[in-house]
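Reader: I am new to this structure and would like a close look at one part of it, the backbone geometry. Please take me through the unusual peptide bonds and phi values with some care.

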Amino acid sequence: MSHSDITAIRGLHYLSGEPVTVTMTSGKISGIHKEEGPQAGDENLPWLAPGFVDLQINGFRGLDFNTIPIAKGTAKSVTSALFEEGVTSYYPTVITNGDDAIEQALRSIAGECREDAATAAGVAGIHLEGPFISPEDGPRGAHGRSFTKAPDWELFLRWQEAAEGRIKLITLSPEWPGTAGFVARCVEHGVQVSIGHTSATDEQIMEAAAAGARLSTHLGNGAHLMLPRHPNYIWAQLAQEELWTCVIGDGFHLPDSVLKVVRRVKGKRAILVSDAVAFSGLAPGTYESHIGGRVVLTPEGKLHLEQSPGILAGSAQMLQSGISHLVYKGIASLSEACDMASVHPAAFMGLPAAAGLAIGAPADLVAFEWTGSRLKLMQTYKHGNRVYTRAGTDC
Ligand SMILES: [Zn+2]
């Protein structure tokens, strides 16, 4: 092994807060060495944590996984742009659309992964969100009503073939008859099933969980504005212990009370997602949206309809904003919030990155400073290679 295969970085381990030197060899973490006593410059050390894993990314910086045809190179460009956000693995998310449009989107993402190893390393799988979701206004969110339908296994197989087997996660609503059988088949084929965009009853949710559904997609969003106080599908999913829970932690999509309850109830099964749309990562301003109408991205990172500032037009904040929000508001500690954006989603999907910042884990990690209110990313490593360095932070 040549010396150039070994990379090392010093920083504070995000779990212990202790100064460590992490060495990376052949794409894996090969050593984590504690320092003997204080060293010069310790006060300026960055935090070191596992790279972020995002289960739901619809697009980034103007690139979109749902505008058909998908521009060539979209997955490759998004993969490398996400390194600047500390995201080292993610699931491009294809949402409800016509059958052929979904097929085309899947084919094009899969094709890029086949042709480019770096893209394949970043894209851990594809998340198919829809079209087997609720047709009702509210739960359906911005998904096109005319395309919603009952789960169809033959159709799913056609899509999985176009995706070259890369669909690893599907979001559906168990309110459709036949859902339990569909869920069981997905699980048999190694596809995780998540409940989302749903108006299902408690019984339907329990039945889906019994058949193998194990996650809730952005719980509390993609829901009716008004619900009976109880029972309702939010309580039912919170109470269902087998279900892990994804939440959008940007501070705009859910009140802090809900984020706090999800963290407390779900613990190691609580996951942060960005659900970022193509406007994420762009400068504040007004943009034309393909789902109709103009949208405004505020300097604070809120994305809303131009005509109705009270209505969100998707999420424009990445995982590091969700972590920052949870920590700044005292909802989670820094280490817990980092785990919610890295180890927890990786564990749910069965990725090797679930090992976290530990010897033998993939050398996917981030170095950042914590300002007291915000995580400021400094460096990102993917498979031991430094793939992002913020200007002025080369160390
Ligand atoms: Zn959604």
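Author: What follows goes through the cis peptide bonds and then the positive phi values.

This is a predicted model, in which local features need pLDDT of at least 70, side-chain atom pairs count only at pLDDT 80 or more, and totals for chains, interfaces and linings use all residues. Residues are numbered from 1 along each chain as its sequence is written, and side-chain values use heavy atoms, with hydrogens and water left out.

As background, most peptide bonds are trans, and most residues other than glycine have a negative phi. The bond that runs from Ile 68 to Pro 69 is cis, its omega being near -5°, and Pro 69 sits in the loop that links strand S7 (63–64) with helix H1 (74–82). Helices here are DSSP runs of H or I with at least four residues, strands are runs of E with at least two, and both are numbered from the N terminus. Gly 130 and Pro 131 are also joined by a cis peptide bond, with omega about -5°, and the loop that holds Pro 131 lies between strand S9 (126–129) and helix H4 (153–162).

Turning to phi, Arg 61 is not a glycine, yet its phi is positive, near 50°; this residue is found in the loop between strand S6 (59–60) and S7. Arg 61 has a relative accessible area of 33% and is therefore partly exposed, a class that falls between buried (under 20%) and exposed (over 50%), judged with a 1.4 Å probe and protein chains only. Asp 275, likewise not a glycine, has a positive phi of about 55° and belongs to the loop between strand S14 (270–273) and strand S15 (285–288). Because its relative accessibility is 12%, Asp 275 counts as buried.
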